[in-house]
Amino acid sequence: VKVLDARGLETSVTYDSVKKLGAKGVIPHPKLQWPIDVVAKIEEKDTIAGSVFTTSYTYENGISRRDGPFERRFAGFEKVTEKIPHRTIVYYFHQGNETNSTLGETTDEYAKIGKVFRQEVFSATGQKITQTLTGWTSYRNGNRTMVLPTQEIVMDFDGDSTAASKAFSYAYNQQNGNIEKYTEWGRVVGSENGTFTDLYGSGAGADKYVTSYTYAFNPQLGLY
């Protein structure tokens, strides 16, 4: 697929099937029951200057679910790698199958399918620059399920295995999903499994900030 806009930017999108045979005849994605076409490469070309910006994607461990005779669903890929000039970004997704706590995944379930729980950014030399772990929580309200981010740990690496980490948490109204409290924990000690320890606590020098939200409420005017 190729698109040329009025500014002279030509965008080409290349698709591929993830069910093609892999190395030495190994079939990739053995838990994926049907072929899926995915974006393999996006190429953006400046037809005036001649420069080209290429983004490529690779996909791992795609699965499909069959939860009954009439319930079939593509549950996404466990890992997607995006490569751009000078950067590689790796995304890990919930698939509603099992919890990979080693990578920081928390309580995997059907409603969380497609949510990114871990993102890693690497330099062109393969050095990890940043890592973000996101904890998702599902709230059931009647026949509806809301899935909202309740915790985030951002880890910045300085060239070795140590990282400067900060954390954030969110609390919601479980009936309508409105955020009620946002906590900035400041500097923390983050772990690969998605937990953290506050460095300064609540004493002198604490860098924790809490923001609380209240909302207008008037059912007669439709404000809930």
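## A walk from a hairpin to two pockets

Start in the hairpin of E7 and E8, where four residues sit between the strands and Gly126 takes a positive phi near 90 degrees. Keep in mind as you go that this is a predicted model.

**Stop 1: the hairpin strands.** Now extend your selection to E8, residues 128-141. E7 and E8 run antiparallel and are joined by five bridges. To see one opposed pair, pick Gln119, which stands opposite Thr132 in E8.

**Stop 2: the other partner of E7.** Select strand E6 (87-93) along with strand E7 (116-123). These two also run antiparallel, with seven bridges between E6 and E7. Show Ile89 here, and you will find Val121 of E7 opposite Ile89. If you colour by accessibility, E7 comes out mostly covered, with six of its eight residues buried.

**Stop 3: Glu109.** Next, follow the loop between E6 and E7 until you reach Glu109. Is Glu109 buried or exposed? Its relative accessibility is 17%, so Glu109 counts as buried, the cut-off for that class being under 20%. Turn on the side chains and look for Ser138: a polar contact of 2.8 Å joins the side chains of Glu109 and Ser138. Leaving aside residues up to four places away in sequence, Glu109 touches Gly96, Ser138 and Arg140.

**Stop 4: the largest pocket.** Time for some pocket hunting. The largest pocket has a volume of about 230 Å³. To centre your view there, select Asn61, Glu78, Gln95, Asn97 and Glu98, which are the closest to its centre among the 17 lining residues. Which elements give two or more residues to this lining? They are strand E4 (52-68) and E6, and E4 gives the most, with three residues. Colour the lining by class and you get six nonpolar, six polar and five charged residues.

**Stop 5: the second largest pocket.** Finish by selecting Asp16, Ser17, Val18, Val38 and Tyr59, which lie nearest the centre of the second largest pocket. The space in this pocket is about 170 Å³, and eleven residues line it. Add strand E2 (9-17), strand E3 (37-46) and E4 to the view, as each supplies at least two residues of the lining. E4 turns up again as the element that gives the most to the lining, with three residues. By class, this second lining divides into six nonpolar, three polar and two charged residues.

Technical notes:
Residues are numbered from 1 along each chain as its sequence is written. This is a predicted model: local features need pLDDT of at least 70, side-chain atom pairs count only at pLDDT 80 or more; totals for chains, interfaces and linings use all residues. Side-chain values use heavy atoms; hydrogens and water are left out. Buried means under 20% relative accessible area, exposed over 50%, partly exposed in between (1.4 Å probe, protein chains only). A polar contact is a pair of N or O atoms within 3.5 Å; within protein, one must be able to donate a hydrogen and the other to accept it, and residues adjacent in sequence count only if both atoms are side-chain atoms. Contact means heavy atoms within 4.5 Å. Two strands pair if DSSP finds at least two bridges between them. On a 1 Å grid over the protein atoms alone, a cavity is a set of points where a 1.4 Å probe fits but cannot get out, and a pocket is an open set with protein on both sides within 12 Å along at least five of seven lines; lining residues have an atom within 4 Å of a point. Grid points are joined across faces, edges and corners, and a volume is the space filled by probe spheres set on the points. Ala, Val, Leu, Ile, Met, Phe, Trp, Tyr, Cys and Pro count as nonpolar, Asp, Glu, Lys and Arg as charged, and the others, Gly among them, as polar.
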